[in-house]
Amino acid sequence: MNKDVFKFLSDIEKNNNRVWFAENKERYEKCREEIVLDFNNIYDRLSQTDSLEPLKVYRIYRDVRFSKDKLPYKTNFSMYVGRKQPYNRGGYYLQIEPGKSFVGGGFWGPNTEDLLRIRQEIDLDNELEIITNESDFKSYYGEIQGESLKTAPKGFDKNHERIQLLRLKQYLLVKTFTDEEVLSPNFNSKVLEGFEKLRPFFDYMTSVLLTNSNGEDLY
């Protein structure tokens, strides 16, 4: 990862306005070219081991129409890669930002049917707990994160032994990186390592979402 990218992002955090950005547009374009090269390298290497949708590189321009925060620009560069559906579920995310860089993945906004199906399976068995509590996985990603209901979802026991998982509305895993790690020569390999560690979690969720509550294939 290029140091100039970090410097630009640090500067735009301090000068988040259209005048400054216009004066530094050429600098932005150069940094974006650098970051897209890295993102494409990660994507190409990941595609050797997984079936992927096209790479999505997010714009730096914020949509401020419905936000109280009217700052016009993001202070990060980020990418997202979905796994090719219907036979592969989940997606990979990478964000580069001084002091706030991370990789992650999971299910940000599962639709009503998918969320119910995930909860049904969590209700039935502890396989998701087994996968996410495996020592290497746990030490790397920690706990599943995401927005959660305050009580049990409708139709589920509030005293269920896995109620914390059942209450989740999102199923996300995140691993942060220091600035030193991001700027190290092997950072792209570290990102790939993080993405590949998600595979058992994705494989489990895929197997759940490709079957109905009776275990019958949907596709």
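The following conversation goes through some strands, one residue and two pockets of a predicted model.

Colleague: Why is Phe77 called buried?

Modeller: Phe77 has a relative accessibility of 3%, and buried means under 20%, so Phe77 counts as buried. This residue lies in strand E2.

Colleague: What makes you say that Phe77 is in contact with residues elsewhere in the sequence?

Modeller: Contact means heavy atoms within 4.5 Å, and, leaving aside neighbours within four places in sequence, Phe77 is in contact with several residues, among them Val5, Phe8, Tyr28, Ile35, Ile60 and Leu94. As for Phe6, the C-alpha atoms of Phe77 and Phe6 are 9.8 Å apart in space, although 71 residues separate the two in sequence.

Colleague: Why is strand E3 described as largely enclosed by the rest of the structure?

Modeller: Strand E3 covers residues 91–96, and 5 of its 6 residues are buried, so the strand is largely enclosed by the rest of the structure.

Colleague: How do you know that E3 pairs with E2, and in which sense?

Modeller: Two strands pair if there are at least two bridges between them, and strand E2 (residues 77–82) and E3 have 6 bridges, in the antiparallel sense, so by that cut-off they are paired. One of the bridge partnerships joins Ser78 to Gln95 in E3.

Colleague: What makes E3 and strand E4 a pair?

Modeller: The cut-off is again at least two bridges, and E3 and E4 (residues 101–107) have 4 bridges in the antiparallel sense, so they pair as well. Here Tyr92 has Gly105 in E4 as its bridge partner. E3 and E4 form a hairpin with 4 residues between them, and Gly99 in the turn has a positive phi of about 80 degrees.

Colleague: Which elements supply the lining of the largest pocket?

Modeller: E2, E3, E4 and strand E5 (171–177) each supply at least two residues of that lining, and the largest share, 5 residues, comes from E4. The lining has 26 residues in total, and Tyr80, Gly106, Phe107, Trp108 and Leu172 lie nearest the centre of the pocket, whose volume is about 590 Å³. By class, the lining has 11 nonpolar, 11 polar and 4 charged residues.

Colleague: What lines the second largest pocket?

Modeller: Its lining includes Glu129, Thr132, Asn133, Gln164 and Arg167, and the elements that give two or more residues to this lining are helix H5 (127–133) and helix H7 (163–167). The second largest pocket holds about 190 Å³ of space, and its lining has 3 nonpolar, 5 polar and 4 charged residues.

How values were computed. Residues are numbered from 1 along each chain as its sequence is written. This is a predicted model: local features need pLDDT of at least 70, side-chain atom pairs count only at pLDDT 80 or more; totals for chains, interfaces and linings use all residues. Side-chain values use heavy atoms; hydrogens and water are left out. Buried means under 20% relative accessible area, exposed over 50%, partly exposed in between (1.4 Å probe, protein chains only). On a 1 Å grid over the protein atoms alone, a cavity is a set of points where a 1.4 Å probe fits but cannot get out, and a pocket is an open set with protein on both sides within 12 Å along at least five of seven lines; lining residues have an atom within 4 Å of a point. Grid points are joined across faces, edges and corners, and a volume is the space filled by probe spheres set on the points. Ala, Val, Leu, Ile, Met, Phe, Trp, Tyr, Cys and Pro count as nonpolar, Asp, Glu, Lys and Arg as charged, and the others, Gly among them, as polar.
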